[in-house]
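Welcome, and thanks for taking a look at this one. Please open the structure and keep it beside you as you read.

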Amino acid sequence: MNGNLDSRKAVPLELLVYLVVLVIAAALRFSNLGGLPLTDHEASLALQALRLSKGEQVLISGEPGYIALTTLWFSLFELSDFTARFWPALAGTLLALTPLLYRERVGKAAALVLAGLVAVDPIMIGASRSAEGSMLALLGLLAAVGFAMRSKPLWCGFALGFALAGGPALWPGVICLAVFLLINCKSLRQVDNRFLALAAMTAMVTLVLLSTLFLINPPGISAFGSSLVDYWGSWRSENPAPLKGIAAAWGSSTLLVLVLSIWSLIQGFVRGEARAKWLGIWAGAALALILMNPARQLFDFSWATVPLLALAAMKLVELFPSFSSDNRIVFIAETVLVVALVVFSFMNAVNLVNNPLQSPEEYRNRAIGAVLPLFLLLGMTVLLAWGWSGASTREGFIAGVLLLAGFFTLANSIKAASLGSRPEIEIRRDLAAVVGSEELLRTIQDISRARTGIENRIDVLIVDLQSPSLEWALRSFEKAETAAVFDPTASPSLVITDVNQQITAGASYRGQKIIWQEEPDMKNMTIIDWLKWSFFRIAPLENREIILWARNDLFPGGNIP
């Protein structure tokens, strides 16, 4: 009877912890969600949803799930950067609950720890805060596999339909799943044909309803094929992202996960654990797909991060119960030594990296300050283990390393949530961040208010600029239009062009230069630059400038010659 009472108490406690994890995940994904303007990639999808919400016919791109849900959202609520990013943020929040579907496979404690790791992982946070379908694809496929393991065909098909509507980001996950099934052919023979038929039918219905915007836009069904075309097209990218830089940025952003997962994977192979083997195969296949693709992005590492998080969670569950120190003083002393000396060494190393033009004496002192604490730590660790307790020293060392890595991960999580000092240089699909939106809109609104009495009534013409982010920024202006070339016989009130373009018209114009976008100079970034980006979000930048031309007669004393 006492056992039954204990189990009834344990279940609410477990659910309470999952609720806390869900709140943390939501806070990191929804905080300041609309603080940054949409990038070109995000805006191109949001503009499709905006036009569909107005009843216009639009050729939907390869992300029908995001576009359909956002179209519905735009029809109900105010158009904003927040509402454009709402569904990916919600999907990223719910992703923290998917370990519930795998509790029997990885263990209840490991599933709970995995949920916490998913909630604070920087890559997952960054992907969840981007207006695109990658997080819908990730959530849908992981949920579909989880429901399949639990023999829930309807839920499996529903989740799979959402995943298929997630866009090009789905296909690395599908390929990894196919590799797993090919290696483990027995799992295919165990699947009931009735289950497969019911799940496939539900997935097809869900995909059709999403792709066609609930049958309102029938041509949208072609978007599923477009997603596959877009993914394979990425393998022919003419502007490959630097392999070493992307790998260094990912590795440094997820240092704790990498250390624990590699440790868990090696031990799992030595012990012959099937879970570790399959998670290792998944992670290896995903990493190979990501690193070989020339269009690789940090977001793409999500598919490799999931199995690595699972391995790390299993290792953490194994580590914590083993901390039964026979000498608490030695344990605490070693933990404090690790934290203090590594932090001191790190600060000196950072000073070396950030200040390369130091005098020889300063450089020597900083180098000694970076290396000497590590030798001191090694010596103190050996003395504590030899003179007092080897087991307590080992546990203290592990605890110190975990504290440091956990703090570093949390710092990256906060940055990925755009709560750091440089939110414009954060993890996102399109690294060209819009930084001139506020200045441009304020100027146009001031001119419009002075000319028409209403801040969004003036006519604006965008000339020869392939910039969805600019079109999105001007979405509330009633007379904003785009043109491939400027008509010299026309005389629009305001014209926006590239910085290198001049306009010739019957009216005279004056121009104001605006830095519209900033983007890390990935092609010329060294490993040191990538590490600086990982630690401090500092990077050499490339700017894209535009010019806002205003007709002279809009200003006091101006005229049209």
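Here is a short briefing, from the whole chain down to single residues.

The model is predicted. Its protein chain holds 24 helices and six strands. The radius of gyration is 27 Å, close to the 24 Å that the globule rule gives for 561 residues, so the chain is as compact as a globular protein of that length.

**The chain as a whole**

- Measured out along its principal axes, the C-alpha trace spans about 90 × 75 × 45 Å.
- How much of the chain counts as buried? The share is 49% of the 561 residues.
- Among contacts with a separation of 6 or more, 76% join residues 24 or more positions apart.
- The accessible surface of the protein chain is about 26,700 Å², and carbon and sulfur atoms account for 66% of that area.
- There are 43 positive and 43 negative charges in the chain, and their mean positions lie 9 Å apart.

**Cysteines**

- How many disulfides does the model contain? The count comes to zero.
- For cysteine 156, the closest cysteine sulfur belongs to cysteine 176 and is 18 Å away, too far for a bond, given that a disulfide needs the two sulfur atoms within 2.5 Å.
- Cysteine 156 is buried, at 7% relative accessible area.
- Cysteine 176 is buried too, with a relative accessibility of 6%.

**Helix H2 and the loop before it**

- Asparagine 32 sits in the loop that runs between helix H1 (2-30) and helix H2 (40-53).
- The phi angle of asparagine 32 is near 50°, a positive value in a residue other than glycine.
- Is asparagine 32 buried or partly exposed? With 43% relative accessibility, asparagine 32 counts as partly exposed.
- Leucine 45 belongs to helix H2 and counts as buried, at 3% relative accessibility.
- Setting aside neighbours within four places in sequence, leucine 45 is in contact with Ser61, Glu63, Tyr66, Ile67, Ala131 and Glu132.
- Leucine 45 and alanine 111 are 66 residues apart along the chain, and their C-alpha atoms are separated by 34 Å.

**Helix H14**

- Phenylalanine 224 is part of helix H14 (residues 223-234).
- The relative accessibility of phenylalanine 224 is 26%, so this residue counts as partly exposed.
- Which residues does phenylalanine 224 contact, leaving aside neighbours within four places in sequence? They are Leu164, Trp171 and Leu207.
- From phenylalanine 224 to valine 371 the C-alpha distance is 54 Å, with their positions 147 residues apart in sequence.

**Helix H18**

- Proline 307 lies in helix H18 (residues 302-319).
- Proline 307 is buried, and its relative accessible area is 0%.
- Not counting residues up to four places away in sequence, proline 307 touches Leu279, Trp282 and Ala283.
- Serine 261 is 46 residues from proline 307 along the chain, and the two C-alpha atoms are separated by 8.6 Å.

**Strand S2 to helix H23**

- Aspartate 464 is in the loop between strand S2 (459-463) and helix H23 (468-473).
- Although aspartate 464 is not a glycine, its phi is positive, at about 55°.
- Aspartate 464 counts as partly exposed, with 45% relative accessibility.

**Helix H24**

- Which residues of helix H24 (residues 527-536) are buried? They are Asp529, Trp530, Lys532, Trp533 and Ser534.
- Tryptophan 530, found in helix H24, has a relative accessible area of 4%.
- Beyond its neighbours within four places in sequence, tryptophan 530 contacts Pro242, Gly245, Ile246, Ala248, Ala249, Met522 and Met525.
- Tryptophan 530 and isoleucine 444 lie 86 residues apart in sequence, and their C-alpha atoms are 37 Å apart in space.
- Just after H24 comes arginine 537, which takes a positive phi of about 55°.

Technical notes: Residues numbered from 1 in each chain as written. Predicted model: local features only at pLDDT ≥ 70, side-chain atom pairs only at ≥ 80, totals over all residues. Heavy atoms only, no water. Helix = DSSP H or I, 4+ residues; strand = E, 2+ residues; numbered from the N terminus. Rg over C-alpha atoms; globule rule 2.2 N^0.38 Å. Buried < 20%, exposed > 50% of the residue type's maximum accessible area, 1.4 Å probe, protein only. Contact = heavy atoms within 4.5 Å. Areas by Shrake-Rupley, 256 points an atom, 1.4 Å probe, with all protein chains shown as cover. Lys, Arg positive; Asp, Glu negative; His and termini not counted. Charge placed at Lys NZ, Arg CZ, Asp CG, Glu CD.
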